[in-house]
Amino acid sequence: MLKFDYHNHPQAHREDLHYREEVLQPWADKARAIGITDFALTDHDRYKAGFSFDELKKFQYNNSDLKIRAGIELDNDPETSDSGKKWVEKHYDDLDFVLGSVHFVKDFPFDHPYYIKEYDNYDIDELYTEYYKLIQKTAKSGLVDSLAHLDLIKIFKFFPETDLSALYEETLDIIKAQDLSMEISTAGFRKPIGEQYPHFDLIKLAKAKGISFTIASDAHTAADLGKNYDLLENILKEFEIEEVATYEKHKKIMASPYL
Ligand SMILES: [Zn+2]
Ligand SMILES: [Zn+2]
């Protein structure tokens, strides 16, 4: 069993689930039940109003047998990401971990099923190219520790027609140069793509470049914490990944993910 989970959304996508004991405690209970000893809360920056350092501190104090990291997922939402960035800058020293992600290309939320028709309006290779250029911008922002679901753009199984390997290579080189981690996430198993993020080829390439990995379920409910971690464990074994990154106040600590 794997013991770290560095991408979780206690607020799901709901404004009524602001940080308080009844919202947070189920995450610690679930972690304990399945052997997760170190996990990060990383709600989307657009829900920063529901984040509370005081509530988080109480939660950590009440569950001091677990390492619970203060985190956030900073994305490129055209409406909220500017204020999200400012919030991260302001609270940077109080946060352990910042995930960087891209959820918008051409200003539409490409991973939302409601907007799937939007794909018809664009050339898929162009969308992929814009997506990875935005990932590169995020990686260079100086605000993030790890890149979430690196190939999220494959979610609905639209694939590029040309070979974009130079773009992938360039993206991973930037991640490495910035000394960031790349997430391996089981969230894709719950989506139409039906596989982990990112693709095996990207994991292989990242490993060859010496990029560190964070591991995550991207749970939006405590029940999904560590979901499909048996599959993730197989992937780590397949790629001989023996240590992954954990974070305390943005300091990367490499550790065995095994209990
Ligand atoms: Zn995300
Ligand atoms: Zn997420």
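**Around Leu-147 and helix α5**

Hi everyone, let's start at Leu-147. Setting aside neighbours within four places in sequence, Leu-147 is in contact with Gly-100, Ile-135, Thr-138, Ala-139, Ile-175, Leu-180, Met-182 and Glu-183. Please keep in mind that this is a predicted model.

Leu-147 also matters for the next picture. The largest nonpolar core has 61 residues, and Leu-147, Tyr-131 and Ile-215 are the ones that touch the most other members. Which helix gives the most to this core? That is α4, residues 124-139, with six residues.

Now to helix α5, residues 165-177. With 13 residues at 1.5 Å a residue, α5 should span 18 Å, and its end C-alpha atoms are indeed 18 Å apart, so the two agree. Its buried residues are Tyr-168, Thr-171, Leu-172 and Ile-175. Looking down the axis of α5, these buried residues fall within an arc of 95°, so they line one face of the helix. On the other side, Ala-166, Glu-169 and Ala-177 are exposed. And what do the buried residues of α5 pack against? Their partners are α4, β7 (146-147), β8 (181-185) and α6 (200-208).

Let me finish with the α4 and α5 pair. Their axes come within 9 Å and cross at roughly 10°. Since angles under 35 degrees count as roughly parallel, α4 and α5 are therefore roughly parallel to each other. From α4, the contact is made by Thr-129, Tyr-132, Ile-135, Gln-136 and Ala-139; from α5, Leu-167, Thr-171, Ile-174 and Ile-175 take part.

One last detail: α5 is followed by Asp-179, whose phi is positive, near 60°. Thanks, everyone!

How values were computed: Residues are numbered from 1 along each chain as its sequence is written. Chains are lettered from A and ligands numbered from 1 in the order in which they are written. This is a predicted model: local features need pLDDT of at least 70, side-chain atom pairs count only at pLDDT 80 or more; totals for chains, interfaces and linings use all residues. A nonpolar core is a set of buried Ala, Val, Leu, Ile, Met, Phe, Trp, Tyr and Cys residues joined through C-beta atoms within 7 Å. A residue is buried if 20 or more other C-beta atoms lie within 10 Å of its own, exposed if 12 or fewer, and partly exposed in between; C-beta atoms are placed from the backbone. Helices (H or I, at least four residues) and strands (E, at least two) are DSSP runs, numbered from the N terminus. Two residues are in contact if their C-beta atoms, placed from the backbone, lie within 7 Å. The expected span of a helix is 1.5 Å times one less than its number of residues. The arc is that of the directions from the helix axis to the C-beta atoms. Axes are lines fitted to C-alpha atoms, for helices over the stretch in contact, and angles run from 0 to 180 degrees between N-to-C directions. Angles under 35 degrees count as roughly parallel, over 145 as roughly antiparallel, 65 to 115 as roughly perpendicular and the rest as oblique.
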